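Here are some comments for a colleague at the bench, set out as numbered points. Please read them with the sequence and the structure side by side.

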Amino acid sequence: EVLQNHVLEAKVFHTEYGTGVAILTGAHRFSLTTNIDDLKLRRMPEVPGLQKPPSCWAVLSQDRVTIVLLAVGQDLYLLDNTSCSVVVSELQQVSVGSRVVCSPLHSLAGPSPVPHHPMGCSPAPCTHWQVLPPAVPRAGVYSRDIWPHPGQGQRASHVFFSPHPISAEASQEIFKIASMAPGALLLEAQKEYEKESQKADEYLREIKDQKLLPEAVSQCIEAAGYEHEPDTQKSLLRAASFGKCFIDKFPSESFVRMCQDLRVLNAIRDYQIGIPLTFTQYKRLTIEVLLDRLVLRRLYPLAIRICEYLRLSEIQGVSRILAHWACYKVQQKDKSDEEVAHAINQKLGDTPGISYSEIATRAYDCGRTELAIKLLEYEPRSGEQVPLLLKMKRSKLALSKAIESGDTDLVYTVVLHLKNELNRGTFFMTLQNQPVALSLYRQFCKHQERETLKDLYNQDDNHQELGNFHVHSSYS
């Protein structure tokens with residue numbers, strides 16, 4: 001079939017078995033292999049009535065199960081080994097001419113989840129379906145979150161579609177109709193308290209009589225993490241804070257941590273940032289990886305503010321981000337070396353954990369040698385300056401820096417490098433201008449190269465030492 005109908009589209013994916021490939025043929029059928037090193041092509045079930053390629057499709061693999069999710073018009077279909085099923089029908093009205101893109105979770109964690117719009121793309125709304133594994137239907141419970149994202153001048157949104165995570169059970173318990181869960185009662189108590197109603201006391205007594213107040217507070221805190229609207233988050237956290245007042249020695253760590261996490265999540269969910277992570281994704285991704293994602297997108301100010309807010313160590317957070325910023329800054333060609341070096345120094349100063357030599361190396365790799373030298377002036381560690389100067393063929397400057405450091409091993413390193421790089425006469429003349437280096441080289445020659453020592457005395461017209469050299473040689 002593949003040979004007859006050709007391949008319209010192919011996607012590479014990763015499984016527990018290795019690297020897999022899925023293909024869509026000209027007959028609008030899907031085939032896939034979960035391991036290209038052990039090639040066994042498996043044909044997926046047919047999609048009923050599919051007469052043209054789907055508007056988008058993605059391969060999801062988890063727990064040794066590989067499925068294909070595809071969008072046909074306004075419907076979403078799931079293909080597994082044995083059947084084709086409609087996941088949801090008409091989930092959201094999509095205008096004619098809109099572009100629908102389907103991608104698995106790992107795309108979101110990468111540098112940019114926003115699909116690139118092809119040249120000449122119509123100005124219709126762009127809907128980005130972000131499909132989260134596992135996408136296998138479970139008990140018919142689904143969540144859908146719609147987020148706007150910057151779409152290059154177009155109206156755009158991310159739409160997340162996934163089974164409701166089990167960890168969001170607290171949220172379901174609180175908000176289901178006629179719920180009598182402790183968290184639901186506490187939320188009502190807080191709302192009535194704000195209205196100055198006596199019903200607040202009735203709700204509280206009901207929870208306290210059952211000794212469920214700690215559970216109610218924990219439930220509200222947990223549920224806040226799985227809500228995406230800031231107003232709902234605040235309402236739940238206010239209820240938790242209200243309930244804490246009636247508990248002796250309730251540990252506040254979980255409350256404080258949730259407030260911090262939600263501030264970070266709400267900041268990155270902003271449409272100008274466009275990283276609408278769920279609470280579960282955020283926890284699995286870790287703050288370190290999230291910061292890496294922000295840095296890759298060059299969202300340096302936000303990354304730094306998050307580090308400062310969470311009070312991460314400077315070496316872990318701010319210093320690392322500033323170093324990334326500086327390495328990006330040296331690649332900008334529209335400013336002079338002097339301006340760039342000054343701007344970097346103004347921003348970085350003496351921040352702990354910053355290596356100016358690493359930034360200078362990046363500048364040198366970009367072909368900006370003079371900028372690299374200017375940046376090295378801010379590097380306080382001579383041991384970091386000298387190797388790069390030698391790499392840049394600035395040996396004489398490296399020698400000066402080594403002598404300034406007072407590190408004899410560093411001076412020896414540069415001197416021996418000069419000896420191999422320069423001809424004999426130029427090498428001796430260079431040392432004549434650096435008495436410290438010359439003295440150290442003489443000491444080296446006394447033990448390692450006696451004949452070279454004689455040449456040095458001859459060049460200096462140092463007859464006294466030359467005589468001593470010959471007498472010593474005679475005894476030897």
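**Notes on the predicted model**

1. Cys259 is partly exposed, with a relative accessibility of 23%. Cys245, by contrast, is exposed, its relative accessible area being 61%. Please keep in mind that the model discussed here is a predicted one.

2. On the matter of cysteine pairing, a disulfide is taken to be a pair of cysteine sulfur atoms within 2.5 Å, and by this rule the count comes to 0 disulfides.

3. Two backbone positions deserve a look, given that most residues other than glycine have a negative phi. His28 is not a glycine, and yet its phi is positive, at about 60 degrees. His28 sits in the loop that runs between strand S2 (19-25) and strand S3 (30-33), and with a relative accessible area of 15% His28 is buried, because the cut-off for that class is under 20%.

4. The second such position is Ala178, which is likewise not a glycine and has a positive phi of about 55 degrees. Ala178 belongs to the loop between helix H3 (169-175) and helix H4 (182-194), and Ala178 counts as exposed at 69% relative accessibility, because exposed residues are those over 50%.

5. A last point concerns an annotation: an unreviewed UniProt entry lists residues 186-213 as "coiled-coil region". In the predicted model, the chain over residues 186-213 is 75% helix and 0% strand, while the C-alpha atoms at the two ends of residues 186-213 are 8 Å apart. I would ask you to view the annotation from the UniProt entry alongside these computed values for residues 186-213.

Note on methods. Residues numbered from 1 in each chain as written. Predicted model: local features only at pLDDT ≥ 70, side-chain atom pairs only at ≥ 80, totals over all residues. Heavy atoms only, no water. Helix = DSSP H or I, 4+ residues; strand = E, 2+ residues; numbered from the N terminus. Buried < 20%, exposed > 50% of the residue type's maximum accessible area, 1.4 Å probe, protein only. UniProt positions renumbered as here; feature names shortened; annotations may be inferred.
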